[in-house]
Amino acid sequence: MLTLFEREHLDVNNLAEADTAIRVEQLSLRFGSKPVLENISMSIPKHQITALIGQSGCGKSTLISSFNRLNDLHQHCHYSGKVIINGRDINSRKENVAQLRTQVGMVFQRPNPFPMSIFDNVSYGLRLQGINTRRQLDEAVEQALHDAALWNEVKDRLFEPANVLSGGQQQRLVIARALALQPEILLLDEPTSALDPLTTLFIEELMAGLKKRCSIVIVTHNMQQAARVSDYTAFLHQGRLIEYSDSDTLFTTPRKKQTEDYITGRYG
Amino acid sequence: MSKLPSLSSVLNAGQRQSLFIGICTFFTAILLLAMVSIVLLIFARGGGYFWPEDIQQLQFVRASDDQPITAYGQYQNQFEQGGEPVRWVVYSHARNPYGNQTLLDDTNLLQARLAPEAARISLRDGRAILGEPLKVTAPSDPDVSLNRLAQRLTQVRQIEQSIAGIRDEQLADIHQKLTELDQRKVGKKAPARLTLNQGFDRWHKRILTLEKQRDAYQLFVRLADQSIVSVALIEVEHLVYPGQLSGWQKLGEALYEVGGFLSESPKQANTAGGVFPALFGTVLMVFLMTIIVTPFGVLAAIYLNEYASNNGLIVVIRIAVSNMAGVPSIVYGVFGLGFFIYGVGGNIDALFFEANLPAPTLGTPGVFWASLTMAILTLPVVIVATEEGLRNVPQGLKAGSYALGATKAETVLYTILPMASPGIMTGVILAIARAAGEVAPLMLVGAVKFAPNLPIDAEFPYLHLERQFMHLGVLIYDGAFHSQTDAKGASMMFAACLLLLVVVFVLNILAVLLRTKLRKRYHKG
Ligand SMILES: Nc1ncnc2c1ncn2[C@@H]1O[C@H](COP(=O)(O)OP(=O)(O)O)[C@@H](O)[C@H]1O
Ligand SMILES: [Mg+2]
């Protein structure tokens, strides 16, 4: 029972290779001439939930979007430094970005189901991978919906349009859509900020269960949520990584003054 | 000098607002009135073309030579001229039973009475006789009663068919064989040739007898002035007694006329008959144009919106595209003529069809060049509407697709294009409506007022895209310019207008339905 309270923590600032899901080395990023991330180095542990907190506009979304190169969609985005996943620097020009994104799934702030049926939403990524046989798709879709704790609610209407679902259901659908590809890493960008508290709790529980299957990085500006769900927490401020440690330490005994100010609500 | 009181001092805020609303309402109402009257006019004049007017027995003084005339006539339309009511009248008269027209002043009209006994006898060539059918004769049958008319009509048509059958099969066959013999230089007295000649004579005689039989079928008609004319029954296409029809029967008759209008060729220099070739030409041209313009416009818009980086060149291209939409259409016509027909077509002729020169093969106006020209003319419409549709695709959905490992092309294909489809539809439909109504450039690149053949027929390669074609707009234009004084022609022109209007309405309604359906599907929630 005691282990429940005294979790054994890894030292994220000195993480062994085998425990690392993502290693960020001196990552800097600017949009046009506006610097957004400055010289960030951090290691994200495998099969743990890592939270990114910080004021809005500090670069949280930009940081997790650099884990699946989604910033490439913006024309004036320039970056330097390395992001290493599975031993590869994904910022290298040789990286197969589409392939990478099947390994690093992402869920956005606003639920964004495609205007298709529930089934087609979940099978979208699989079809792109060339999986077309009905049986494989059926199985994968059912599994993914189970994993996202949505199966029981939608099993009778898989072929109805996805946008008739409620907001929370849509968000779980989007999670299922990402899980269908069996990603190693799941990025969640403020996944609950558009949802009501009850649905939020539901999704938080879901995350705890998903931990076994993949490493999770969650962006949130809700400190309670970060404290509740995450094992490790990083605090960003104006594009810099200020403090990064296990969540218990960070929320109870922050080392930096800025962190303390933020978590006690003195700004932001 | 006393200053005029300003508006604000006379009216309080509420009154000013209602004044403003009043003015806006007024202008909107005028606009509405204009639109409604256009539609009403075209429906009335165009629809009137099909309605069987009652036949009247008229006595009037002809304005041109002060001759008193008794004739069966039909009123075409009435209007005021210098305060006097006047009307166009078509009538049949002994000197020309096939329809004269005159503008009749009411003061010149001596007497008019409804004549239910008179029929309108439409002939195959588009003309019509107004008169009272008396009898119908047939070879070697003394029964001339009118009750037999339907039967006689079928008989005479059967004869006509057998004549055509002999011509098409037997005679054509013999002709072909004779030509073969000619080519092989077989002698004049060769037995093969003699049998063929005999066969030819036999069939020819058969045709002559059949023709004699056919011509013995005659319909005798009495005109209002008691003179009697006869027409070959084979010439008669349709016969109605408008005065004996009930309202519903008249409607049926009108629908029959509409059917003929849609399925027949124009007759009497586009003043009678139907518009089928023009309708067909319009649809074919628009169809080809859609096939050409849609991929070009959509791909160009996708490139501009999704692939091209936002630099100066793209801005210039965008400005050029929106300016292209404002270029007068005749300029496109001249471009099509100069570039496509003389340039591209001429060069293809020089390269591949040298044997036929100087007669052009492709370097001449035709339906394909017309479609191509119209595709360029409507390209900006499609590009602009598609871009609009592409811009409306939420950024979040694109990101969602990329985040699932889709490449750019896959995202465009599976997410962006379906969501932009309502916008694309809008563009294509606008393009179609524009192309269906355009006249000036088409006359330069292939539309003609009369084309002997459809661009599709049974002759290899079946689809003749190099042929000239007829177009509803051109037909209307032709009607307006060459038949000004011909009230009947004007009605046919209005009927064509009505058809064009209906085509465009139907297209638009289809577009709206399709668009709302797609929108519901892709933009719910
Ligand atoms: N596409 C973009 N172009 C230019 N600036 C951007 C773009 N996206 C984000 N930014 C800027 O980068 C900064 C960080 O944004 P973001 O990572 O979204 O912050 P957060 O998620 O922490 O609220 C903001 O100041 C924002 O203005
Ligand atoms: Mg954000």
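Is Arg255(A) buried or exposed? At 59% relative accessibility, Arg255(A) counts as exposed, where exposed means over 50% relative accessible area, buried means under 20%, and partly exposed falls in between (1.4 Å probe, protein chains only). The model here is a predicted one, so local features need pLDDT of at least 70 and side-chain atom pairs count only at pLDDT 80 or more, while totals for chains, interfaces and linings use all residues. Residues are numbered from 1 along each chain as its sequence is written, chains are lettered from A and ligands numbered from 1 in the order in which they are written, and side-chain values use heavy atoms, with hydrogens and water left out.

Arg255(A) has a partner: its side chain meets that of Glu243(A) in a salt bridge (3.8 Å, N to O). The term stands for a side-chain nitrogen of Lys or Arg within 4 Å of a carboxyl oxygen of Asp or Glu. This pair links distant parts of the chain, 12 residues apart, with Arg255(A) in the loop between α10 (247-252) and α11 (257-263) of chain A and Glu243(A) in strand β10 (residues 240-246) of chain A. Helices (H or I, at least four residues) and strands (E, at least two) are DSSP runs, numbered from the N terminus. Unlike exposed Arg255(A), Glu243(A) is buried, at a relative accessible area of 3%. Over all chains, the structure holds 28 salt bridges. In chain B, bridges with shared partners join Arg124(B), Glu160(B), Arg214(B) and Asp215(B) into one network.

Now for helix α8 (residues 197-210) of chain A. Its 14 residues should span 20 Å at 1.5 Å a residue, and the end C-alpha atoms are indeed 20 Å apart; the expected span is 1.5 Å times one less than the number of residues. Thr199(A), Thr200(A), Ile203(A), Glu204(A), Leu206(A), Met207(A) and Leu210(A) are the buried residues of α8(A). Seen down the helix axis, these buried residues fall within an arc of 160°, so they line one face of α8(A); the arc is that of the directions from the axis to the C-beta atoms. They pack against β3 (49-53), α5 (134-147), α7 (167-179), β7 (185-189), β8 (215-219) and α9 (223-229) of chain A, with contact taken as heavy atoms within 4.5 Å. On the face turned away from the buried side sit the exposed residues Pro197(A), Leu198(A) and Glu205(A). Glu205(A) has 59% relative accessibility.

One buried member of α8(A), Glu204(A), has a relative accessible area of 6%. Glu204(A) forms a salt bridge with Arg228(A), the closest N and O atoms being 2.7 Å apart. Because Glu204(A) lies in α8 and Arg228(A) in α9 of chain A, the pair ties together parts that are 24 residues apart in sequence. Arg228(A) is partly exposed, at 47% relative accessibility. A shorter-range case sits in α5 of chain A, where Glu139(A) and Arg135(A), 4 residues apart, are separated by about one helical turn. Their side chains meet in a salt bridge (3.8 Å, N to O), and Arg135(A) is exposed at 65% relative accessibility.

Chain B has its own helix to look at. Helix α10 (residues 395-403) of chain B is mostly covered, with 7 of its 9 residues buried, including Leu397(B), Lys398(B) and Tyr402(B). Just after α10(B), Gly405(B) takes a positive phi of about 90°.
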